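Work through the following exercises with the sequence and the coordinates at hand, and try each task before reading its solution.

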Amino acid sequence: MDIKQNYFEFYGLPEAYELDLGQLADRHLELQKQLHPDRFAHLSDQERRMSAQYTAYLNEGYATLRSPLLRAQYLLKLRGIDTHNESSAQIDPMFLMQQMELRERVEEAPQHTDPDGELAALDQEVAQAMAELQAEFRRMIGEPSQEALDAAASAVRKMQFLDKLSREIERLEDELY
Amino acid sequence: MAYSEKVIDHYENPRNVGKMDAGDTSVGTGMVGAPACGDVMRLQIKVGNNGVIEDAKFKTYGCGSAIASSSLVTEWVKGMTLDQAADLKNTQIADELALPPVKIHCSVLAEDAIKAAIEDYRKKQGS
Ligand code: FES
């Protein structure tokens, strides 16, 4: 095992957006067993530190690969694009307008005659949009051209907004109960 | 996260929250978002015939710093000419509100929003 490998290599999985979550979980368990700190109880401090480092890397890798958004961001990062730390890249104003409206609806949901129904409907809408963006990303990241890579990055930027929306919806749902 | 007193003041009593008619030719609308956090902001200005900003409104879905930054900008730009408002820098906002480095992008959002609103207004006037 080598932490200079990327997460896909580390997990012995193909570097693609499509991913078998069951296979990932199996690989994670296997790697975890190999790395379990108890097995290193007799080792030197330095070796133990290395094992702790491996464990941290392993967990981070697992969390990254498992999440559809983080995995997409990671694939872009491997291609030199960091959509997470951009401050205000140019986003399509139409898309922002929609986001504004959706955030408005989420904010007003508790005053809705049927708050649960409204939140469920919003959740549904966001999930649908998210699924479309993920499909778009999967198509684009597989293509070699620069245009396709730009399109993939733009899909991920939008996913970041939708992710925030769905977290807001979740927060309100928690508050309602 | 410890917010400064000024941030808390704007957060608790945001100035000029609201919406103007985006179709009005004397209104400029700026719509921006920060991919880093998924927050969005709308900032609008109403400009008089003399090129001075008469009124400003905003709505921000974001953290306290973003709300405070946009609230502050709407206060500042009232009475400014478009050129003066276009010169506003996010560092002035961040200084005034004593934002910590991790919250700088929130003030950048407000700067981008006023610039976008001015651009929208000018585009409308030009056409
Ligand atoms: S954290 Fe998103 S604007 Fe401040």
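## Exercise 1: A methionine and its surroundings

In this predicted model, Met31(B) is in contact with Pro93(A), Leu96(A), Met97(A), Met100(A), Met41(B), Arg42(B) and Ala116(B), once its neighbours within four places in sequence are left aside. Determine which strand holds Met31(B), and decide whether Met31(B) is buried or exposed.

Solution. Begin with the secondary structure, where Met31(B) is found in strand β1 of chain B. Next, take the relative accessible area, which is 14% for Met31(B); since buried means under 20%, Met31(B) counts as buried. Finally, consider one of the contact partners, Met41(B): although Met31(B) and Met41(B) are 10 residues apart along the chain, their C-alpha atoms are separated by 6.0 Å.

## Exercise 2: Strand pairing in chain B

Work out in which sense β1(B) and β2(B) pair, and over how many bridges; then treat β2(B) and β3(B) likewise.

Solution. For the pair formed by strand β1 (residues 27–34) and β2(B), the sense is antiparallel and the number of bridges is 8. A residue pair that illustrates the register is Gly28(B), which stands opposite Ile45(B) in β2(B). The hairpin of these strands, β1(B) and β2(B), has 4 residues between the strands, and Gly38(B) takes a positive phi near 80° there.

For the pair formed by β2(B) and strand β3 (residues 53–61), the strands run antiparallel and are joined by 8 bridges, with Met41(B) standing opposite Thr60(B) in β3(B). Between β2(B) and β3(B) the hairpin has 5 residues, and in this hairpin Gly51(B) takes a positive phi near 80°.

As a last step, look at the burial of strand β2 (residues 39–47) of chain B: 8 of its 9 residues are buried, so the strand is largely enclosed by the rest of the structure.

## Exercise 3: The length and the cover of a helix

Test what span helix α5 (residues 104–126) of chain B should have at 1.5 Å a residue, and identify what covers its buried residues.

Solution. Helix α5 of chain B has 23 residues, and the expected span is 1.5 Å times one less than the number of residues. This gives an expected span of 33 Å, which agrees with the 33 Å between the end C-alpha atoms of α5(B). The buried residues of α5(B) include Cys106(B), Val108(B), Leu109(B), Ala113(B), Ala117(B) and Tyr121(B). When reading such a list, recall that an α-helix has 3.6 residues a turn, so residues three or four places apart point the same way. The cover over the buried residues of α5(B) includes β1, β2, α2 (64–77), α3 (82–86) and α4 (90–97) of chain B.

## Exercise 4: The largest nonpolar core

Find how many residues the largest nonpolar core has, and explain where this core lies with respect to domain 1 and domain 2 of chain A.

Solution. The largest nonpolar core has 41 residues, and those with the most contacts inside it are Tyr11(A), Leu76(A), Phe137(A), Ile141(A) and Met159(A). At least two residues of this core are supplied by each of α1 (7–10), α2 (21–35), α3 (45–66), α4 (68–78), α5 (93–108), α6 and α7 (146–176) of chain A. The largest share, 10 residues, comes from α7(A). Domain 1 (7–66) and domain 2 (93–176) of chain A both give residues to this core, so it lies between them. The centres of these two domains, taken over C-alpha atoms, are separated by 31 Å.

## Exercise 5: Two residues of chain A

Establish for Tyr74(A) and for Glu118(A) whether each is buried or exposed, and list what each residue touches.

Solution. Tyr74(A) is found in helix α4 of chain A and, at 14% relative accessibility, counts as buried. Leaving aside neighbours within four places in sequence, Tyr74(A) is in contact with Asn6(A), Tyr7(A), Phe8(A) and Thr64(A). Glu118(A) is found in helix α6 (residues 115–141) of chain A and is likewise buried, with a relative accessible area of 12%. Not counting residues up to four places away in sequence, Glu118(A) touches Arg105(A), Ala109(A) and His112(A).

How values were computed
Residues are numbered from 1 along each chain as its sequence is written. Chains are lettered from A and ligands numbered from 1 in the order in which they are written. This is a predicted model: local features need pLDDT of at least 70, side-chain atom pairs count only at pLDDT 80 or more; totals for chains, interfaces and linings use all residues. Side-chain values use heavy atoms; hydrogens and water are left out. Buried means under 20% relative accessible area, exposed over 50%, partly exposed in between (1.4 Å probe, protein chains only). Two strands pair if DSSP finds at least two bridges between them. Contact means heavy atoms within 4.5 Å. A nonpolar core is a set of buried Ala, Val, Leu, Ile, Met, Phe, Trp, Tyr and Cys residues joined through side-chain atoms within 4.5 Å. Domain bounds come from an automatic or database domain assignment.
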